[in-house]
Amino acid sequence: MLDDLGVDAAYTHDGSDHKDLRDIAQISPDKSRYKRQRILFLTRDPRDTAVSGYFQVNKRHGLEAGPMGDCIRSPKHGVEKIALFNLQWFAAASHMRKIALLRYEDVQRDTNDALRSIGKFLGKSFEESQLADVAVSRSFKRMQQSEISGELGARYGGRLQPRNPDDPESFKVRKGKVGGYLDYLGADDIAFCDNVLARLDYWKRLDEAFQRHGISYADDRAGVN
């Protein structure tokens, strides 16, 4: 989406990519190398991220991580690593020169408003017609169609090509459903994830981080809260 709006951005998983096979102890909490950059940190429900990660690991990277229940418990791919990685960034946010936290769920709920607010944070002004066009052309359904047609692969290479065109779960643009973990995890797995997040006090710490550094959606305010 940002590419379509002419935003020149660098994207990184900051060492957390599944193919790197790192547990959280191998990912430095020191983010000082980024402190002079303008950082937009996108966060998503760790339960949804863990399920998405399972398909990334097994269907796209071809790594062996066992069944989904094992993968979400894995120190290299699972929900605890994901939550702790996010918490690293929440803690580091106060040391950044310019940072805004953005919820994936907010982008899904109102893409136009999210893009407008990102523009304010970046010091850019987008025409409303631009936002509307990008929100439609980069809707999840249209993105899936672009991956199937090869448009995304031609533009971005193999990282946005389906590994198996006959298997929708192998697509990079797979589902993107908020709360989609409920479609894949059984009661025991959901309880495991919820217990991890409760032990880490994750939701309270997320709310506190967004109160300080969350991107602002108010029409008369730019940047972050």
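**View 1. Arg116 and Asp113 pair up through a salt bridge.** In this predicted model, the two side chains come together at 3.1 Å, N to O. Both residues belong to helix α5 (residues 111–122), where a spacing of 3 residues puts about one helical turn between them. Arg116 is partly exposed at 24% relative accessible area, while Asp113 is buried at 17%. Elsewhere, Asp14, Lys31 and Arg33 are joined into one network by salt bridges that share partners.

**View 2. Here's a salt bridge within helix α4, between Arg109 and Asp106.** The closest N and O atoms sit 2.4 Å apart. Again the partners are 3 residues apart, about one turn of the helix (residues 104–109). Arg109 is exposed, with 62% relative accessibility, but Asp106 is buried, with just 10%.

**View 3. Asp194 reaches Arg47 in a salt bridge.** The N to O distance is 2.9 Å. Asp194 is in helix α9 and Arg47 in helix α1 (residues 46–60), so this pair ties together parts 147 residues apart in sequence. Asp194 is partly exposed at 31%; Arg47 is buried at 12%. The count for the model comes to 13 salt bridges.

**View 4. Lys35, Arg36, Arg38 and Arg97 make a positive surface patch.** Arg97 comes from the loop between α3 (79–92) and β2 (98–103) and is exposed, at 53% relative accessible area.

**View 5. Leu21 has a positive phi, and so does Asp201.** Most residues other than glycine have a negative phi. Leu21, at about 55°, lies in the segment before β1 (38–43) and is partly exposed at 38%. Asp201, also at about 55°, is in the loop between α9 (187–199) and α10 (202–213) and is partly exposed at 37%.

Notes:
Residues numbered from 1 in each chain as written. Predicted model: local features only at pLDDT ≥ 70, side-chain atom pairs only at ≥ 80, totals over all residues. Heavy atoms only, no water. Patch = residues over 30% accessible without salt bridge, like charges linked within 9 Å, V, L, I, M, F, W, Y side chains within 5 Å. Areas by Shrake-Rupley, 256 points an atom, 1.4 Å probe, with all protein chains shown as cover. Salt bridge = Lys/Arg side-chain N within 4 Å of Asp/Glu carboxyl O. Lys, Arg positive; Asp, Glu negative; His and termini not counted. Charge placed at Lys NZ, Arg CZ, Asp CG, Glu CD. Helix = DSSP H or I, 4+ residues; strand = E, 2+ residues; numbered from the N terminus. Buried < 20%, exposed > 50% of the residue type's maximum accessible area, 1.4 Å probe, protein only.
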